[in-house]
Amino acid sequence: MTRQDDMRVGDAERDAVTAALHDHFAAGRLDRQELDERLGATLAAKTQGDLRAVVTDLPGPSGLPERVSRAAVPGRPYWGPPRPAHHGHPVRAHRHGPFPVFPLLLVAFMVVAFTAGPGVAMLTVLQIAMLVWIVRAVFAVAGGRRGR
């Protein structure tokens, strides 16, 4: 049987650890150089053990599932931690997934491309993407400072 740390990881696991590293950077636990080094190691990681080594000294959410074995929790699948319950119902974990703006950008590009041309459409889409990025960054900074 293969140990959990020897299991190969994919882009989803690397993205989760990358998001956690950015959260720790925003909280002041990492400086810019440490963040860059850890992001490089995260992107080069091939196994869960490689990813675990990147976040092992950081508290809180690491982006990795907790180590859970079948023997430790009978009847619970070994691949994930138990979810907290609220009034008997499982609570969905907060996910740092991509913002669903791509379909909106595609529609904006198509509309503007047919009305004003592809060059103007590309500039319009880039401006909208930049605006969404700035708004998300402001909310991320405001949310990070609220907990201090």
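The largest nonpolar core of this predicted model holds 12 residues in all: Val9, Val17, Leu21, Leu30, Leu35, Leu39, Ala45, Leu51, Val54, Val55, Leu58 and Leu64. Three elements each give two or more residues to this core, namely helix H1 (11-26), helix H2 (32-44) and helix H3 (48-55). Of these, H3 gives the most, with 3 residues. As a bit of background, nonpolar side chains in soluble globular proteins tend to be buried together.

One core member worth a closer look is Ala45. Leaving aside residues up to four places away in sequence, Ala45 touches Val9, Arg14, Asp50 and Leu51. Val9 and Leu51 belong to the core as well.

Next, have a look at how two of the helices meet. H2 and H3 pack with their axes 9 Å apart, at an angle of about 170°. Are they roughly parallel or roughly antiparallel? An angle over 145 degrees counts as roughly antiparallel, and H2 and H3 are therefore roughly antiparallel to each other. On the H2 side the contact is made by Arg38, Ala41 and Thr42, and on the H3 side by Leu51, Val54 and Val55. By type, the residues of this contact divide into 4 nonpolar, 1 polar and 1 charged.

Two side chains with polar atoms deserve your attention too. Thr42 sits in helix H2, while His24 lies in helix H1. Here they are side by side:

| Residue | Relative accessible area | Backbone oxygen by a polar side-chain atom | Distance |
|---|---|---|---|
| Thr42 | 0% | Arg38 | 2.7 Å |
| His24 | 4% | Pro59 | 3.2 Å |

Is Thr42 buried or exposed? Because its relative accessible area is 0%, Thr42 is buried. A polar atom of its side chain lies 2.7 Å from the backbone oxygen of Arg38, a residue that also takes part in the contact of H2 with H3. Not counting residues up to four places away in sequence, Thr42 touches Arg14, Val17, Thr18, Leu21, Leu51 and Val54. Among them, Val17, Leu21, Leu51 and Val54 are members of the core.

His24 is buried too, since its relative accessible area is 4%. For this residue, a polar side-chain atom lies 3.2 Å from the backbone oxygen of Pro59. With residues up to four places away in sequence again set aside, His24 touches Arg29, Leu30, Leu58, Pro59 and Pro61. Leu30 and Leu58 also appear in the core.

Definitions and conventions: Residues numbered from 1 in each chain as written. Predicted model: local features only at pLDDT ≥ 70, side-chain atom pairs only at ≥ 80, totals over all residues. Heavy atoms only, no water. Core = buried A, V, L, I, M, F, W, Y, C linked by side-chain atoms within 4.5 Å. Buried < 20%, exposed > 50% of the residue type's maximum accessible area, 1.4 Å probe, protein only. Helix = DSSP H or I, 4+ residues; strand = E, 2+ residues; numbered from the N terminus. Contact = heavy atoms within 4.5 Å. Polar contact = N/O pair within 3.5 Å; in protein donor to acceptor, adjacent residues only side chain to side chain. Axes fitted to C-alpha atoms, helices over the stretch in contact; angles between N-to-C directions. Parallel < 35°, antiparallel > 145°, perpendicular 65-115°, else oblique. Nonpolar A, V, L, I, M, F, W, Y, C, P; charged D, E, K, R; others polar.
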